[in-house]
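Colleague: Could you take me through one part of this model in detail, and set that part against the chain as a whole? I would like the surroundings of a single residue described with care.

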Amino acid sequence: MYILGIESSCDETSMSIIKDGTEEIATVVLSQMDTHAYYGGVVPEIASRMHVENITIVLEEVLNKANMTMDDIDAIGVTFGPGLIGSLLIGLMCAKTLSFVFDKPLIPVHHIAGHIYANNLVKRLEFPLMALVVSGGHTELVYMKEDYSFEVIGSTLDDAVGEAYDKVARVAGLPYPGGPLVDKLALEGKDTYKLPLPLDDDSFNFSFSGLKSAVINLVHNEKQRGNDIIKENLCCSFQNRVVEILSKKTIRALKKYDVHNLIVAGGVAANKGLRNKLEDECEKNDINLIIPEIKYCTDNGAMIGAAGYYAYEKGNLADLNLNAKATVPLK
Ligand code: KG4
Ligand code: ZN
């Protein structure tokens with residue numbers, strides 16, 4: 001079964017053709033990163049306009065790349081939420097139009113389900129599993145006992161982890177998106193700045209705004225005293241607290257739910273500090289760890305095509321009344 005996966009929830013216009021939820025036939029990703037970097041973050045109105053300009057080009061290119069036509073496609077999977085409402089609507093309108101004109105089933109895909117199923121393109125998921133979803137908009141621990149069954153056991157109470165990375169990067173004077181740069185500098189620095197371990201409690205929830213504020217206050221105080229900030233050390237100290245709390249709660253969740261498979265998903269899954277720490281912890285605790293290649297960590301149509309297959313198998317279909325949702329729980 002060939003699914004056309006469409007993703008436009010933020011600043012990437014992407015489509016992919018995926019066979020049977022596991023095999024990537026072709027993918028096209030048109031990123032708007034350079035435009036938004038100029039403003040220091042994603043500007044929603046500009047994002048939607050650029051999706052309008054790009055979406056038909058992406059469709060044509062993905063079909064060309066796969067050497068296919070719409071007749072070869074069996075169904076259309078599309079991100080319907082969560083995300084920027086204007087951006088979501090462009091991908092969704094495209095999906096609904098294709099579904100109507102070519103008479104193909106329409107599969108609504110939750111963006112986070114997509115991030116999780118990106119791993120299915122690397123290796124078939126084994127259940128039960130725990131997914132740590134870490135991105136610019138999400139920080140969630142999701143328990144899955146079988147395909148397309150999601151139980152969110154913990155999430156962030158405030159900032160998402162990627163958001164905290166981007167804000168810390170900004171106070172450190174690094175360009176947007178700062179996450180990858182903070183990661184790079186962290187690996188060159190030492191853990192010298194005293195920062196709190198955030199929300200170190202018995203729950204599986206996370207909180208990053210306190211840690212972010214601690215970094216901002218530290219930078220301001222040092223500036224007032226006329227001291228220079230050692231960026232590498234600041235990034236290292238921040239990253240160590242983030243990685244420590246993420247891995248501590250994830251390992252505890254795996255033990256509590258008696259799960260031996262861990263997958264990491266979302267843009268922050270690219271973080272080397274997090275990868276290294278989880279590799280060590282999983283080895284110690286006899287847990288199979290899967291982290292996708294970097295190209296599958298950030299937003300793409302392939303993850304939507306992969307998730308769409310399992311949504312379809314569960315009978316998860318929509319009609320042309322399907323609407324985009326800026327926020328929507330994963331279930
Ligand atoms: O999943 P994604 O592409 O978009 C969302 O759905 O949010 O994630 C983007 C986020 C950004 O906040 C970016 O700074 C962060 O992932 N990110 C990283 C790294 N690479 C990307 N954060 C920390 N370390 C990295 N290496
Ligand atoms: Zn994402």
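What follows is a close look at one helix residue and its contacts, with the wider chain as background.

Colleague: Which residues does Leu-211 touch, not counting residues up to four places away in sequence, and is Leu-211 buried or exposed?

Modeller: Since this is a predicted model, everything I describe is computed from predicted coordinates. Leu-211 belongs to helix H7, which covers residues 209-224, and the relative accessible area of Leu-211 is 1%, so this residue counts as buried, the cut-off being under 20%. Once residues up to four places away in sequence are set aside, the residues that Leu-211 touches are Leu-195, Pro-196, Pro-198, Phe-238, Arg-241 and Val-242. Leu-199, for its part, is twelve residues from Leu-211 in sequence, and the two C-alpha atoms are 9.5 Å apart in space.

Phe-238, Arg-241 and Val-242, which Leu-211 touches, bring in helix H8, whose residues are 231-256. Helix H8 has 26 residues, and the distance from its first C-alpha to its last is 38 Å, close to the 38 Å expected at 1.5 Å a residue. In an α-helix there are 3.6 residues a turn, so residues three or four places apart point the same way. Just after H8, Asp-258 adopts a positive phi of about 50 degrees.

For a second buried position, one may turn to Ala-302 in helix H11, residues 301-313, where the relative accessibility is 0% and the residue therefore counts as buried. Apart from neighbours within four places in sequence, the contacts of Ala-302 are Ser-16, Ile-18, Glu-24, Thr-27, Leu-121 and Tyr-296. Ala-302 and Glu-23 are 279 residues apart in sequence, whereas their C-alpha atoms are 9.2 Å apart in space.

As for the chain as a whole, its secondary structure comprises eleven helices and ten strands, and buried residues make up 55% of its 331 residues. Among contacts with a separation of 6 or more, 74% join residues 24 or more positions apart. The radius of gyration is 20 Å, which agrees with the value near 20 Å that a compact globule of 331 residues would have, while the C-alpha trace spans about 65 × 45 × 30 Å along its principal axes. About 14,400 Å² of the chain is exposed, and carbon and sulfur atoms supply 50% of that area. Finally, the chain carries 31 positive and 44 negative charges, and the mean positions of these two sets are 6 Å apart.

Conventions: Residues are numbered from 1 along each chain as its sequence is written. Chains are lettered from A and ligands numbered from 1 in the order in which they are written. This is a predicted model: local features need pLDDT of at least 70, side-chain atom pairs count only at pLDDT 80 or more; totals for chains, interfaces and linings use all residues. Side-chain values use heavy atoms; hydrogens and water are left out. Helices (H or I, at least four residues) and strands (E, at least two) are DSSP runs, numbered from the N terminus. The radius of gyration is taken over C-alpha atoms; the globule rule is 2.2 Å times the number of residues to the power 0.38. Buried means under 20% relative accessible area, exposed over 50%, partly exposed in between (1.4 Å probe, protein chains only). Contact means heavy atoms within 4.5 Å. Accessible areas come from the Shrake-Rupley method with a 1.4 Å probe; for residues, only the protein chains shown count as cover. Lys and Arg count as positive and Asp and Glu as negative; His and the chain ends are not counted. The place of a charge is taken as NZ of Lys, CZ of Arg, CG of Asp or CD of Glu. The expected span of a helix is 1.5 Å times one less than its number of residues.
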